[in-house]
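Work through the following exercises with the sequence and the coordinates at hand. Each task is followed by a stepwise solution.

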Amino acid sequence: MSSKIRSLFQGFRSSLDADHGASGSFSGDSDSPTTSTTTYDSSPAAAIPRRAPPTPPDEKDNHHHLKTLQHFQQSIPVHSKNSSPSSTTSPENQHNHNQHKNYENRETMTDAQQIEVNGLVHSISHTLSLSNSPTSTFHSPVGSYNSRTTFNRPSGKQLKPFNTQDIKILLLENVNVAAREILESQGYQVEFHKSSLPEDQLVEKIRDVHVIGIRSKTKLSAKVLREAKNLLVIGCFCIGTNQVDLEYAAKHGISVFNSPFSNSRSVAELVISEIIALARQLGDRSMEMHNGTWNKVSARCWEIRGKILGIIGYGHIGSQLSVLSEAMGMKVIYYDVVPLMALGTAKQVPTLKDLLEQADFVTLHVPEIPETKNMIGAEQLAQMKQGSYLINASRGSVVDIPALIESMRSGHTAGAALDVYPSEPAANGDYFNDTLNTWGNDLRSLKNLILTPHIGGSTEEAQSAIGVEVGEALVRYINSGSTIGCVNMPEVTLRSLTLAEENHVRVIFIHSNRPGVLRQVNSILGDHNVDKQMSDSRGDVAYLMADISDVNAGDIRSLYESLEALSSKIMTRVLY
Ligand SMILES: NC(=O)C1=CN([C@@H]2O[C@H](COP(=O)(O)OP(=O)(O)OC[C@H]3O[C@@H](n4cnc5c(N)ncnc54)[C@H](O)[C@@H]3O)[C@@H](O)[C@H]2O)C=CC1
Ligand SMILES: O=C(O)CCC(=O)C(=O)O
């Protein structure tokens, strides 16, 4: 094992150990109130570009890549009174000539080039029609898998917008170590926090970063994103993307990625355990024993065999749950707003009321959207069978909790399991009280009620899979501009450039989707050879990617500036 790979694994191991904390508990998910921060590293060591694991690229390719990068970076005119674009000679001469001088002026040069050429500051465009359902047509699971394979085994030239040490990433909410490893191995500067941040601190931090990684707690509202002047991309290390203003992000050229199904199985398994636990009143019996009370009862305790499970939202989680519950002898009915193929012997019912009237157990697996707000309230609870059970592991806004409290107090609802709440604390600690949600104490006083702190997706398997999936999507986006799997932009990608293609530049132009833009863009690109190009739109935002050849180093600035000058521009990126 090479020393580089060995140190990678050592780093992975020690990060894991650190995550588990002094208690030695087996949870990679503990949002300890203590913040563990790796601050941005401006040391010379951090400036050395590193390549991505897990398949180390062959050394020859790596050398070629670095040389090509340097070749272009050092050839681009810089902000300096003494330099002018016209002073640029051939890239090779420029490279030799500037070699020692550039080393000295490295910081000034790279900063100026990066900001000028890659346009990290971006502007505004229009609206989108967005769905945050991972089953929406904008997701390409197959493409994601293909892209992942490509990422792991790089076959072409690796494009970078600028020295990767300048990419600053803020990871909140204890994003898994697998993601940190992937991002750090690219040479990006990663700041890591175990919990989410209060809004004022978030606003301060987000101003400086190009990438932010969050889970479900951090709210990236328009108000917060307005401050994020350098932000290129958001990684949601979870399924739900309701915590992000997707439309605002798209209008400002900020792509958003998530992990559509890496934790689905974990949620389904949690719900299975809750169905049995509610049917047997396990939570209460266990609590009594903890308090020293022996209370052996069978009244209103049931087998689940033959009982009807009603699944609301038959997507990734709902359908997985359908299969698992049938294996335990349950009968499954489901309600969804779209007709979906039933798995096993499950049956889709036409209305929510039909489901509520028939099911012994009702479980919710819908996204948080306006249509699902309080979709289970007093009226729906009354429609449920006497003595039935409710489970919510979707989003806290979906169930009217005061109505549930009333229904449980009256005995109509025999038990419930809640994993999500309208307000959830930012960090672990004694926060689940009336200050957080006014009905907190009333809720906690109920019998046969299982309360969990939003742990549906919190398993080692799910978190590391999410870390890899979203981490790799972020790297692909930063380094090659691919939007495959993006939840708020059209999905666009191009095959990689080969190592033989030296004077190539990849242009990414995010723009308002209106007539005439492509003509303008192509007249700018037209001085070069456009080898390949792909463009797609989603609502009012369009995403164009083009690989052009015969580009002299000195042309990069003018290409960039010409595109930036178009009134349709939302964001321009030039990768080389
Ligand atoms: N507790 C936890 O830790 C976790 C919670 N979640 C939550 O679970 C939700 C569902 O996740 P997936 O199954 O992966 O999503 P999905 O998008 O695969 O499935 C959602 C389904 O809900 C349906 N739906 C949408 N609106 C509806 C409505 N008004 N009535 C009935 N059906 C409707 C959709 O058509 C879709 O089939 C996520 O949006 C997320 O909020 C997800 C992962 C972990
Ligand atoms: O694990 C988390 O923080 C969030 C899980 C979740 O709710 C999701 O994936 O949507």
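The exercises below treat two sheets, the helices that pack in the structure, and the surroundings of two ligands, all in a predicted model.

**Exercise 1. The five-stranded sheet**

Task: Determine in which order the five strands of the open sheet are arranged, and which strands stand at its edges.

Solution.
Step 1. Reading across the open sheet gives the order β2-β1-β3-β4-β5, with parallel pairing.
Step 2. β2 (189-192) and β5 (255-257) each have a single partner strand, so one side of each is left without a neighbour in the sheet.
Step 3. Ignoring direction, neighbouring strands are turned by 15° against each other on average.
Step 4. As an example of one pair, β3 (residues 211-214) and β4 (residues 233-236) run parallel and are joined by four bridges. Within this pair, V211 stands opposite V233 of β4.

**Exercise 2. A helix between a sheet and another helix**

Task: Establish which strands helix α6 lies across, and state how α6 is oriented relative to α17.

Solution.
Step 1. Helix α6 (residues 177-185) lies across β1 (168-171), β2 and β3, and its direction makes an angle of about 155° with β2.
Step 2. The axes of α6 and α17 (residues 460-480) come within 7 Å and cross at roughly 25°.
Step 3. Angles under 35 degrees count as roughly parallel; α6 and α17 are therefore roughly parallel to each other.
Step 4. The crossing of α6 past α17 is right-handed.
Step 5. On the α6 side the contact residues are V177, A178, A179, I182 and L183, and they meet S464, G467, V468, V470, G471, E472, L474 and V475 of α17. Sorted by class, this contact holds nine nonpolar, three polar and one charged residues.

**Exercise 3. An oblique helix pair**

Task: Characterise the packing of α10 against α12 by axis distance, crossing angle and handedness.

Solution.
Step 1. Helix α10 (residues 264-279) and helix α12 (residues 316-327) have axes that come within 9 Å and cross at roughly 50°.
Step 2. The two helices are therefore oblique to each other.
Step 3. The crossing in which α10 passes α12 is right-handed.
Step 4. From α10 the contact draws on S264, R265, V267, A268, V271, I272 and I275, and from α12 on H316, I317, Q320, L321, L324 and S325. Its composition is eight nonpolar, four polar and one charged residues.

**Exercise 4. The seven-stranded sheet**

Task: Give the strand order of the second open sheet and identify its edge strands.

Solution.
Step 1. Seven strands follow one another as β8-β7-β6-β9-β10-β11-β12, and the pairing is parallel.
Step 2. The edge strands, β8 (347-348) and β12 (449-451), each pair on one side only.
Step 3. β10 (residues 388-392) pairs with β11 (residues 413-418) in the parallel sense over five bridges; N392 has L418 of β11 as its bridge partner.
Step 4. Helix α15 (residues 401-409) lies across β10, β11 and β12, at about 145° to β11.

**Exercise 5. The ligand shells**

Task: Describe the shells around ligand 1 and ligand 2 by residue and by class.

Solution.
Step 1. Ligand 1 is surrounded by 34 residues, the closest being G313, G315, I317, P367 and G456.
Step 2. The elements giving two or more residues to this shell are α10 and α12; the largest share, three residues, comes from α12.
Step 3. The shell of ligand 1 comprises 14 nonpolar, 15 polar and five charged residues.
Step 4. Around ligand 2 are R215, S216, C238, I239, G240, N263, G457 and S458, namely two nonpolar, five polar and one charged residues.

Terms used:
Residues are numbered from 1 along each chain as its sequence is written. Chains are lettered from A and ligands numbered from 1 in the order in which they are written. This is a predicted model: local features need pLDDT of at least 70, side-chain atom pairs count only at pLDDT 80 or more; totals for chains, interfaces and linings use all residues. Axes are lines fitted to C-alpha atoms, for helices over the stretch in contact, and angles run from 0 to 180 degrees between N-to-C directions. Angles under 35 degrees count as roughly parallel, over 145 as roughly antiparallel, 65 to 115 as roughly perpendicular and the rest as oblique. A crossing is left-handed if the near helix is turned anticlockwise from the far one by less than a right angle, and right-handed if clockwise. Two residues are in contact if their C-beta atoms, placed from the backbone, lie within 7 Å. Ala, Val, Leu, Ile, Met, Phe, Trp, Tyr, Cys and Pro count as nonpolar, Asp, Glu, Lys and Arg as charged, and the others, Gly among them, as polar. Two strands pair if DSSP finds at least two bridges between them. A residue is near a molecule or strand if its C-beta atom, placed from the backbone, lies within 6 Å of it.
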